[in-house]
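The exercises below are meant to be worked with the sequence and the coordinates open side by side. Try each task before reading the solution under it.

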Amino acid sequence: MAMSQAGQVAATLNKLDDSVTAEVVPFTTTGDRWMGPLSELGGKGAFTKEVDSALLDGRCDVCVHCVKDIPGDQPLPDGTLIAGYAPRDDVRDAVIQPEGLSLASLPDGARVGTSSPRRTAQLALHWPNLRPVPVRGNANSRLAKLDAGDFDALILAVAGLERIQLTERITEILDTDTMLPAVGSGTLALQCRTDDTVTRDLVERINHEPTQRRTDAERTMLRLLQGHCHSPIGGYAVIESEDRMSLQGRVMSPDGTTFLEARSSHHDPEVLGTTVADDLLKQGARDVIEKF
């Protein structure tokens, strides 16, 4: 999936200018290799810190990150910035079930593969009769584990399945109100060195401003909540008009018994993210996040 995403960005950059040649530089990170709980590696930074190092030492000029893999409680490395965002893809979560069953149709105790605290909490909230089973690895390896019978159903991102052209495996797509997306779902961020003005200018030309605004609102909320890799937090911003956007945020306990939600609208992404975060914090979000 990562190679597909990087390839799409490289192709877009190559179309901008005949003098530009963008090529994909593959990396395998510790996060990709690790099959245990992500929290034991220090969280989502396991997917980004080694690529960040390659950017800073000049082995690559642009890093393509899934926004939801960028830690929300840590700043970007000094000397780097997000210069642009690709247009946002589908933010929803998909169920893959070999017999074509929906989550509601699965029998009590059915095993659902996911290592996402956000998905696990919302599964517990809406389908308490199902049993989440941790699963790591890329989408293809997770699908192989499903086919091998390691669990009865699997939850993956619709956008990821689209990028690897496996949408035919989807059994059910969960609506965003039932399964609120992760902050930055479906969004690719393009990170550059601050002093590399040539590359920055190039990436800024393909920046999708509506996606940037939505991401800024969601990431502002996440930053103020100080959410980490095992915090069940969801956030979803929608542009409603030229001068208005809305943001829905959730903080949950892993077992789904605690469920905090806030919504607001504003034209300024940072004000919007701050308003929703403040509302959640007043409801006790800090205690829920720190407890788990």
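What follows is a set of five exercises on a predicted model, each with a worked solution.

**Exercise 1. The largest nonpolar core**

Determine how many residues the largest nonpolar core has, and which elements each supply at least two of them.

Solution. Begin with the count: the largest nonpolar core has 19 residues, and those with the most contacts inside it are Met221, Leu225, Ile233, Val251, Val276 and Leu280. Next, assign this core to secondary structure: helix H8 (209-225), strands S9 (233-241), S10 (244-252) and S11 (259-266), and helices H9 (269-282) and H10 (285-291) each supply at least two residues. Then take leucine 280 as an example and leave out residues up to four places away in sequence, whereupon its contacts are Met221, Leu225, Gly249, Arg250, Val251, Leu260, Glu261, Ala262 and Ala285. Finally, keep this core apart from a second, separate one of 14 residues, which includes Ile96, Val135, Leu143 and Leu156.

**Exercise 2. The pairing of S10 with S11**

Describe how S10 and S11 pair, and establish whether serine 246 is buried or exposed.

Solution. The pairing comes first: S10 and S11 run antiparallel and are joined over 8 bridges, and one of the facing pairs is arginine 250 with its bridge partner glutamate 261 in S11. The connection comes second, since the two strands form a hairpin with 6 residues between them, and glycine 256 in the turn has a positive phi of about 75°. Serine 246, which is found in strand S10, has a relative accessible area of 18% and is therefore buried, the cut-off for that class being under 20%. Its side chain makes a polar contact of 3.2 Å with the side chain of glutamate 240. Beyond four places in sequence, serine 246 touches Tyr236, Ala237, Val238, Glu240, Ser264, Ser265 and Leu272.

**Exercise 3. Strand S3 and its two partners**

Work out which strands pair with S3, and which S3 residues are buried on each of its faces.

Solution. On the pairing side, S3 is joined to strand S6 (residues 153-157) by 4 bridges in an antiparallel arrangement, with isoleucine 96 standing opposite leucine 154. S3 also pairs with strand S7 (residues 172-174), again in the antiparallel sense, over 3 bridges, and here alanine 94 stands opposite isoleucine 173. As for the faces, Asp93 and Val95 are buried on one side of S3 (residues 93-96), while Ala94 and Ile96 are buried on the other, which leaves both faces covered. Isoleucine 96 has already appeared above, as a member of the second core.

**Exercise 4. Aspartate 93 and the cavity**

Find the polar contacts that the side chain of aspartate 93 makes with arginine 118 and arginine 119, and state which residues line the largest cavity.

Solution. Place the residue first: aspartate 93 lies in strand S3 and, at 2% relative accessibility, counts as buried. Its side chain forms a polar contact of 2.9 Å with that of arginine 118 and another of 2.7 Å with that of arginine 119. The wider set of contacts, again leaving out residues up to four places away in sequence, also includes Ile155, Leu156, Ala157, Val158, Glu172, Ile173, Leu174 and Met179. Turning to the cavity, a search of the whole structure finds 1 of 30 Å³ or more, and the largest has a volume of about 40 Å³. Its lining consists of Lys68, Asp90, Val91, Arg92, Asp93, Arg118, Arg119, Ala157, Val158, Ala159, Ser185 and Gly186. Helix H4 (117-126) and helix H6 (158-163) are the elements that give two or more residues to this lining.

**Exercise 5. Two partly exposed residues**

For alanine 124 and glutamine 283, identify the exposure class and the contacts remote in sequence.

Solution. Alanine 124, in helix H4, counts as partly exposed at 23% relative accessibility. Once residues up to four places away in sequence are set aside, alanine 124 touches Pro254, Asp255 and Gly256, the last of which is the turn glycine of the hairpin in the second exercise. Glutamine 283 is found in the loop between H9 and H10, and its relative accessible area of 34% makes this residue partly exposed too. By the same sequence filter, glutamine 283 touches Leu260, Glu261 and Ala262. As a last step, compare sequence with space: glutamine 283 and methionine 1 are 282 residues apart in sequence and 38 Å apart C-alpha to C-alpha, whereas alanine 124 and aspartate 201 are 77 residues apart in sequence and 45 Å apart in space.

Notes. Residues numbered from 1 in each chain as written. Predicted model: local features only at pLDDT ≥ 70, side-chain atom pairs only at ≥ 80, totals over all residues. Heavy atoms only, no water. Core = buried A, V, L, I, M, F, W, Y, C linked by side-chain atoms within 4.5 Å. Buried < 20%, exposed > 50% of the residue type's maximum accessible area, 1.4 Å probe, protein only. Contact = heavy atoms within 4.5 Å. Pairing = 2+ DSSP bridges. Polar contact = N/O pair within 3.5 Å; in protein donor to acceptor, adjacent residues only side chain to side chain. 1 Å grid on protein atoms, 1.4 Å probe; cavity = no way out; pocket = protein on both sides within 12 Å on 5 of 7 lines; lining within 4 Å. Points joined across faces, edges and corners; volume = space filled by probe spheres on them.
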